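Work through these exercises with the sequence and the structure open beside you. Try each task before you read its solution.

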Amino acid sequence: MKVSIIIVTYQRNELLMQCLQSIYAQRNLPQPYEVIVIDNDGTADVPTPDRENIILMVEKQTTNLGVAGGRNWGMQLASGDYLIFIDDDAVWQSESEVSRLIELFERNPTCGAIAVKSLDPNSKQIIEMELPHPDKTYARKLDQPTEVPYFYGVGHALRAAAIQEVGDYPARYFYSMEEVDFSLRLIDAGYQIVYDPSITLYH
């Protein structure tokens, strides 16, 4: 399996359906690929995709694992070489976003994580606070893949081999800052984190 797409969700069924539709619309992905939904509330109604090339797993939890714990559970279930994460309230901008994530990994074997650009769905403007660099003015001007010090969880991708080397997200961080912890461990292990502003989602 080349690609696993992981979503952690909690009481957002309508938004989750939109997120899934944007995933199922992706083109030029290695076949088959898997979609893993970690339902931290246990109430999501997730329809089975009508295509044989998509393997869907829905894991309903009896207790809320949090964001970090939910991602860790998804990573344990995943069999892909590349793990793509998207929040349940986000959608991919176009049908080529995930395929370009894969291409970037395969061009750069030292890349352990990829950060993507977040846009406001109404204004279509960059969400500045989600730019993966402390200098937001610098980050706004980037127009090509660039090494950055961290990524945000809303939309990102991880190399499975890097996860095996550095370990899981810190589950003690129920929500927020788990990505920074993971980013520092990636860098310490010799991996790059790359921000590609051409790969975009609405959040």
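The model used here is a predicted one.

**Exercise 1. Helix H6**

Task: Find which residues of helix H6 are buried, and what covers them.

Solution.
- Step 1. Locate H6 at residues 178-188.
- Step 2. Pick out its buried residues: Glu178, Glu179, Asp181, Phe182, Ser183 and Leu186.
- Step 3. Look at what lies over them. The cover includes two helices, H2 (66-77) and H5 (160-166). It also includes strands E6 (111-119), E8 (155-159) and E9 (192-202).
- Step 4. Go just past the end of H6. Gly190 has a positive phi there, about 95 degrees.

**Exercise 2. Leu186 up close**

Task: Decide whether Leu186 is buried or exposed, then list what it touches beyond its sequence neighbours.

Solution.
- Step 1. Place the residue. Leu186 belongs to helix H6.
- Step 2. Apply the cut-off. Buried means under 20% relative accessible area. Leu186 has 0% relative accessibility, so it counts as buried.
- Step 3. Set aside neighbours within four places in sequence. Leu186 then contacts Gly112, Ala113, Phe151, Ala162, Val166, Tyr191 and Ile193.
- Step 4. Take one partner, Gly112. It is 74 residues from Leu186 in sequence, yet the two C-alpha atoms are 6.8 Å apart.

**Exercise 3. Checking helix H1**

Task: Test the length of helix H1, then say what its buried residues pack against.

Solution.
- Step 1. Count the residues. H1 covers residues 13-24, which is twelve residues.
- Step 2. Work out the expected span. Use 1.5 Å times one less than the number of residues. For H1 this gives 16 Å.
- Step 3. Compare. The end C-alpha atoms of H1 are 16 Å apart, so the two values agree.
- Step 4. List the buried residues of H1: Leu16, Met17, Cys19, Leu20, Ser22, Ile23 and Tyr24.
- Step 5. Find their packing partners. These are strands E1 (3-9), E2 (33-39), E3 (54-60), E4 (82-86) and E5 (91-92).

**Exercise 4. The nonpolar cores**

Task: Describe the largest nonpolar core and say which element supplies the largest share.

Solution.
- Step 1. Start with the size. The largest nonpolar core has 34 residues.
- Step 2. Find the residues with the most contacts inside it: Leu20, Ile23, Tyr33, Val35, Ile86 and Trp92.
- Step 3. Trace the sources. E1, H1, E2, E4, helix H3 (97-107), E6 and E9 each supply at least two residues. H1 gives the largest share, six residues.
- Step 4. Zoom in on Val35. Not counting residues up to four places away in sequence, Val35 touches Ile5, Leu20, Ile23, Tyr24, Ile54, Ile55, Leu56 and Met57.
- Step 5. Look for another core. A second, separate one has 27 residues, among them Ala78, Phe85, Ala160 and Leu186.

**Exercise 5. The largest pocket**

Task: Give the volume of the largest pocket and describe its lining.

Solution.
- Step 1. The volume of the largest pocket is about 690 Å³.
- Step 2. Its lining has 30 residues, and the closest to the centre are Val67, Arg71, Asp87, Tyr175 and Glu179.
- Step 3. Sort by element. E1, H2, E4 and H6 each give two or more residues to the lining. E1 gives the most, four residues.
- Step 4. Sort by class. The lining has 15 nonpolar, seven polar and eight charged residues.

**Exercise 6. Backbone exceptions**

Task: Find a cis peptide bond and two residues, not glycines, with positive phi.

Solution.
- Step 1. Recall the rule. Most residues other than glycine have a negative phi, and most peptide bonds are trans.
- Step 2. Find the cis bond. It runs from Gln31 to Pro32, with omega near -10 degrees. Pro32 sits in the loop between H1 and E2.
- Step 3. Check Gln11. Its phi is positive, about 55 degrees. Gln11 lies in the loop between E1 and H1. With 54% relative accessibility, it counts as exposed.
- Step 4. Check Lys124. Its phi is also positive, about 65 degrees. Lys124 lies in the loop between E6 and helix H4 (136-140). Its relative accessibility is 43%, so Lys124 counts as partly exposed.

Methods. Residues are numbered from 1 along each chain as its sequence is written. This is a predicted model: local features need pLDDT of at least 70, side-chain atom pairs count only at pLDDT 80 or more; totals for chains, interfaces and linings use all residues. Side-chain values use heavy atoms; hydrogens and water are left out. Buried means under 20% relative accessible area, exposed over 50%, partly exposed in between (1.4 Å probe, protein chains only). Contact means heavy atoms within 4.5 Å. A nonpolar core is a set of buried Ala, Val, Leu, Ile, Met, Phe, Trp, Tyr and Cys residues joined through side-chain atoms within 4.5 Å. On a 1 Å grid over the protein atoms alone, a cavity is a set of points where a 1.4 Å probe fits but cannot get out, and a pocket is an open set with protein on both sides within 12 Å along at least five of seven lines; lining residues have an atom within 4 Å of a point. Grid points are joined across faces, edges and corners, and a volume is the space filled by probe spheres set on the points. Ala, Val, Leu, Ile, Met, Phe, Trp, Tyr, Cys and Pro count as nonpolar, Asp, Glu, Lys and Arg as charged, and the others, Gly among them, as polar.
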